[in-house]
Amino acid sequence: MDYYLLTDLAARVGYHLALSGAETFRVEETIRRIIGAYGIECEAFSIPNCVMVSLETANGKPLMVMKRVGFHGNDLESVEKLNALSRRICAETPDPSVAAQWLDETLKGCRRYSVPVYYLGNFCAAAGFCPVFGGTLRDSLFAGLLGLIIGFVSRQMDRRETNPFFSTIVEAFAMAVPAYLAAGFHLVDYIDFVIIGALMILVPGLLITNSMRDIIYGDTNSGINRIVQVLLSAFAIALGTAAAWRVTMSVYGITASSGSASYPAWGQAVMIFVACTGFFILFNVHGQGSALCALGGVITWMTYLLCRELGIGIYGMNFFAAVASALYSELMARSRKYPVTSYLVISIVPLVPGAGIYYTMSLGLSGDVQAAVHKGLETAGVAGSIAVAMLLVSTIFRLVTAQNGKK
């Protein structure tokens, strides 16, 4: 048995999982299961920028492999493929050199969407969410165009390996300038909803979800690390949008349009499906499961609307909608033998507080600090409601799984 090759294999699988946006507990659990399948105990430790594996060889010598994780992507296709690979390795326990070849083949076999489809994803995500928040169909089309701008700038920043914080500022600025100019020349009806629809692309949905799940599973260090990244992303969005507003205020002014457009539930369901279709492209989800992910977003939003009709408060609406999202994701993951992450990240997108982040920034710019603080606390409360719902559903499913395992 080549202990180093086995340890390096497990570390590489964990590294690529972390690089693709997998949760901390999934990275550590996958490493332990791979090495445990060969009858060896190990210690696995993961934080967002580092993966470490340590064990003792048959001679009692300590062995440790560490891999530094760079920029995290949103590649759920790789998460699913690597999850399937780890199941195969645990079931067949091949020689580590053979398993290493399987890993290389898996990485080469991961699919990617073409550039035109990538831009389609940006357009659909922004255009789909704009009407849900209250924009008109004209606003929706313009929001989709802003999504294309974000996609173009994002690709240019990625090619230059630009710092994510700076990239988000540039993307928000490049998106907001034409939005405010369009509002100044009355080319859109409700500028707030146009910007919010486009900003949903920049809001770190996968990061928010994983930070909550990390804390839920006791990975406090990783969870706090990710929350800090979320806050920095929100700050970058606010900076970019605020800078655009300052640049264009002579044209746009400071008065936002009032009112909103309204749509029936079935119309909103269609829009949410379109928006979630855009996000499963951006998060690189393929196959039949991609449509199921988008369907999860529709179920989540319909639950949210039902709670609103029943007069439930904002925190309760988000809680019950998140429960529906988590239940759907857990059931789909277990029935199809896929990671729950893919279903949960897409289906929870309609609840991601992009509007809360925008309004907090907007109120702060207008000088209403008290209202901005109130909106910021409300946004944090919404995120907390979602986290509690995810914790409840995940805990129940884990208890049921553990109970079935004992029988």
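What follows is a set of questions and answers on a predicted model.

Visitor: In what order do the three strands of the open sheet stand?

Guide: Strands of a sheet pair through backbone hydrogen bonds, either parallel or antiparallel. In this open sheet of three strands the pairing is antiparallel, and the order is 1-2-3.

Visitor: Which strands stand at the edges of this sheet?

Guide: A strand at an edge has a single partner strand, so one side of it is left without a neighbour in the sheet. That holds for two strands here, namely strand 1 (42–47) and strand 3.

Visitor: By what angle are neighbouring strands of this sheet turned against each other on average?

Guide: The direction of the strands is ignored for this value. On average, neighbouring strands are turned by 10°.

Visitor: Which helices pack on the sheet?

Guide: One helix, residues 3–19, touches strand 2 and strand 3, and its direction makes about 25° with that of strand 3. Another, residues 24–36, touches strand 1 and strand 2, and its direction makes about 160° with that of strand 1. The first of these stretches is helix 1, and the other is helix 2.

Visitor: How many bridges join strand 2 and strand 3?

Guide: Strand 2 covers residues 50–56 and strand 3 covers residues 62–68. They pair in the antiparallel sense, and Ser 54 stands opposite Met 64 in strand 3. The number of bridges is seven.

Visitor: Which residue in the turn between strand 2 and strand 3 has a positive phi?

Guide: The two strands form a hairpin, with five residues between them. In the turn, a phi of about 80° belongs to Gly 60.

Visitor: What kind of aromatic pair do Phe 129 and Phe 279 form?

Guide: A pair of aromatic rings is described by the distance of the centres and the angle of the planes. A search of the whole structure finds eight aromatic pairs. For Phe 129 and Phe 279 the centres are 6.0 Å apart and the planes stand at 70°. Planes over 60 degrees apart count as edge-to-face, so this pair is edge-to-face.

Visitor: How many residues apart in sequence are the parts that this pair ties together?

Guide: Phe 129 lies in helix 5 (residues 115–133), while Phe 279 lies in helix 11 (residues 265–282). The pair therefore ties together parts whose separation in sequence is 150 residues.

Visitor: Are Phe 129 and Phe 279 buried or exposed?

Guide: Buried means under 20% relative accessible area. Phe 129 has 1% relative accessibility, and Phe 279 has 3%. Phe 129 therefore counts as buried, and Phe 279 also counts as buried.

Visitor: Which residues form one aromatic cluster with Phe 129 and Phe 279?

Guide: The cluster holds Phe 129 and Phe 279. Its other members are Phe 133 and Phe 283.

Visitor: Over the face of which ring does Arg 88 lie?

Guide: Elsewhere, Arg 155 lies over the face of Tyr 118, at 5.7 Å from the ring centre. For Arg 88 the distance from the ring centre is 3.6 Å, and the ring is that of Trp 102.

Visitor: Which residue offers the backbone oxygen that the side chain of Thr 300 reaches?

Guide: Thr 300 is in helix 12 (residues 288–309). It is buried, with a relative accessible area of 0%. Leaving out residues up to four places away in sequence, Thr 300 touches Ala 321, Ser 325, Ser 347 and Leu 351. Its side chain reaches a backbone oxygen at 3.0 Å, and that oxygen belongs to Ser 347.

Visitor: Is Gln 288 buried or exposed?

Guide: Gln 288 is found in helix 12. Exposed means over 50% relative accessible area. Gln 288 has 60%, so it is exposed.

Visitor: How far apart in space are Gln 288 and Trp 301, C-alpha to C-alpha?

Guide: Along the sequence, Gln 288 and Trp 301 are 13 residues apart. In space, C-alpha to C-alpha, the distance is 21 Å.

Visitor: Is Asn 284, which has a positive phi, buried or exposed?

Guide: Phi of Asn 284 is near 60°, a positive value in a residue other than glycine. Asn 284 lies in the loop between helix 11 and helix 12. Its relative accessible area is 7%, so Asn 284 is buried.

Visitor: Is His 186 buried or exposed?

Guide: His 186 also has a phi near 60°. Its place is in the loop between helix 7 (164–184) and helix 8 (191–199). With a relative accessible area of 63%, His 186 is exposed.

Note on methods:
Residues are numbered from 1 along each chain as its sequence is written. Side-chain values use heavy atoms; hydrogens and water are left out. Rings of Phe, Tyr and Trp (its six-membered ring) pair if their centres lie within 6.5 Å; planes under 30 degrees apart count as stacked, over 60 as edge-to-face and the rest as tilted. Helices (H or I, at least four residues) and strands (E, at least two) are DSSP runs, numbered from the N terminus. Buried means under 20% relative accessible area, exposed over 50%, partly exposed in between (1.4 Å probe, protein chains only). A charge sits over a ring if NZ of Lys or CZ of Arg is within 6 Å of the ring centre and within 35 degrees of the ring normal. A polar contact is a pair of N or O atoms within 3.5 Å; within protein, one must be able to donate a hydrogen and the other to accept it, and residues adjacent in sequence count only if both atoms are side-chain atoms. Contact means heavy atoms within 4.5 Å. Two strands pair if DSSP finds at least two bridges between them. Axes are lines fitted to C-alpha atoms, for helices over the stretch in contact, and angles run from 0 to 180 degrees between N-to-C directions.
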